[in-house]
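Here are some notes for anyone opening this structure for the first time. Keep the viewer open while you read and check each point as you go.

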Amino acid sequence: MRNRIAPRPAITSRLSLFRRTGGLAAGLLLAAAVVAGCSAEGASVDCRTDASCYITFDRNVEGTASVLGVEAKLVGVDGDQVTVEVAGEQISLWLNEPATEVGGVAVNLEKVTSTEVEVRLAQA
């Protein structure tokens with residue numbers, strides 16, 4: 001009869017810790033990749049780990065932002081209607097309306113104030 005040696009708990013817990021921190025590191029790398037792919041002029045960009053980005057345009061400036069592999073540009077604002085160009089296609093957006101899919105992203109209008117316009121782009 002052979003004696004089997006049970007794994008030491010310390011080794012098992014180290015492996016478990018390694019797996020957890022490895023998953024955390026992979027998530028952080030993904031988040032960094034999403035944020036690194038963003039740029040803006042006349043706008044600010046807030047990209048999240050859920051593969052969505054919020055672009056806040058200055059209302060009186062023709063701002064542009066490059067996020068999620070597409071370029072978004074504020075074209076015009078008329079009350080609660082906003083016209084943006086996403087992936088080369090002009091679309092009109094209204095507050096509280098469902099997202100419109102363009103160039104592989106879902107686009108919707110989040111906020112319109114006297115000074116800024118916020119648009120959300122998410123992977124479709």
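The points below go through the sheets, then a buried acid, the salt bridges and two loop residues.

1. Before anything else, keep in mind that this is a predicted model. Residue numbers start from 1 along the chain, following the sequence as written.

2. Let's start with one sheet. It is open, has five strands and runs in the order S2-S3-S10-S9-S8, with antiparallel pairing. At its edges you'll find strand S2 (43-47) and strand S8 (100-102), each of which pairs on one side only. Going across this sheet, neighbouring strands are turned by 25° against each other on average, direction ignored.

3. Now the other five-stranded sheet. This one is open too, with antiparallel pairing and the order S1-S4-S5-S6-S7. Strand S1 (39-41) and S7 sit at the edges with a single partner strand each, so one side of each is left without a neighbour in the sheet. Here the twist averages 25° from one strand to the next. For a place to look inside this sheet, try strand S5 (residues 70-78) and strand S6 (residues 81-86): they run antiparallel and are joined by six bridges. One pair to pick out there is Leu74 with its bridge partner Val84 in S6.

4. Back to the sheet of point 2, and to S10 in particular. How many bridges join strand S3 (residues 52-58) to S10? Seven, and the two strands run antiparallel. Within that pairing, Asp58 has Glu116 in S10 as its bridge partner. With strand S9 (residues 105-112), S10 again pairs in the antiparallel sense, over seven bridges. A hairpin of three residues takes the chain from S9 to S10, and Lys111 is matched with Glu118 in S10 as its bridge partner.

5. Glu118 deserves a closer look. It belongs to strand S10 (residues 116-123). Is there a charged partner for it, and what is the nearest candidate? Glu118 is buried yet has no salt bridge, and the nearest side chain of opposite charge, Lys111, is 4.6 Å away. The cut-off matters here: a salt bridge needs the side-chain nitrogen within 4 Å of a carboxyl oxygen, so the 4.6 Å to Lys111 does not qualify.

6. What does the side chain of Glu118 make a polar contact with? With the side chain of Thr56, at 3.4 Å. Leaving aside residues up to four places away in sequence, Glu118 touches Tyr54, Ile55, Thr56, Asn108, Leu109, Glu110 and Lys111. Lys111 therefore turns up as a contact of Glu118 and as its bridge partner, but not as a salt-bridge partner, because the distance is over the 4 Å limit.

7. So where are the salt bridges? The count comes to two. As background, side chains of opposite charge can pair when their charged atoms come close. In one of the two, Glu116 pairs with Lys111, and the closest N and O atoms are 3.0 Å apart. Glu116 is partly exposed, with a relative accessible area of 24%, and Lys111 is partly exposed as well, at 32%.

8. The other salt bridge links Asp46 and Arg48, with the closest N and O atoms 2.8 Å apart. Asp46 is partly exposed at 35% relative accessibility, and Arg48 is partly exposed at 38%. Asp46 also has a place in the sheet of point 2: it stands opposite Tyr54 in S3. S2 and S3 pair in the antiparallel sense, over five bridges. Tyr54, for its part, is among the residues that Glu118 touches.

9. Last, two loop residues whose backbone angles are worth checking. Ala51, in the loop between S2 and S3, has a phi near 65°, a positive value in a residue other than glycine. Asn96 is not a glycine either, and its phi is positive at about 60°. You'll find Asn96 in the loop between strand S7 (89-94) and S8.

10. Are these two loop residues buried or exposed? Ala51 counts as partly exposed, because its relative accessibility is 24%. Asn96 is exposed, with a relative accessible area of 79%.

How values were computed: Predicted model: local features only at pLDDT ≥ 70, side-chain atom pairs only at ≥ 80, totals over all residues. Heavy atoms only, no water. Helix = DSSP H or I, 4+ residues; strand = E, 2+ residues; numbered from the N terminus. Buried < 20%, exposed > 50% of the residue type's maximum accessible area, 1.4 Å probe, protein only. Lys, Arg positive; Asp, Glu negative; His and termini not counted. Polar contact = N/O pair within 3.5 Å; in protein donor to acceptor, adjacent residues only side chain to side chain. Contact = heavy atoms within 4.5 Å. Pairing = 2+ DSSP bridges. Axes fitted to C-alpha atoms, helices over the stretch in contact; angles between N-to-C directions.
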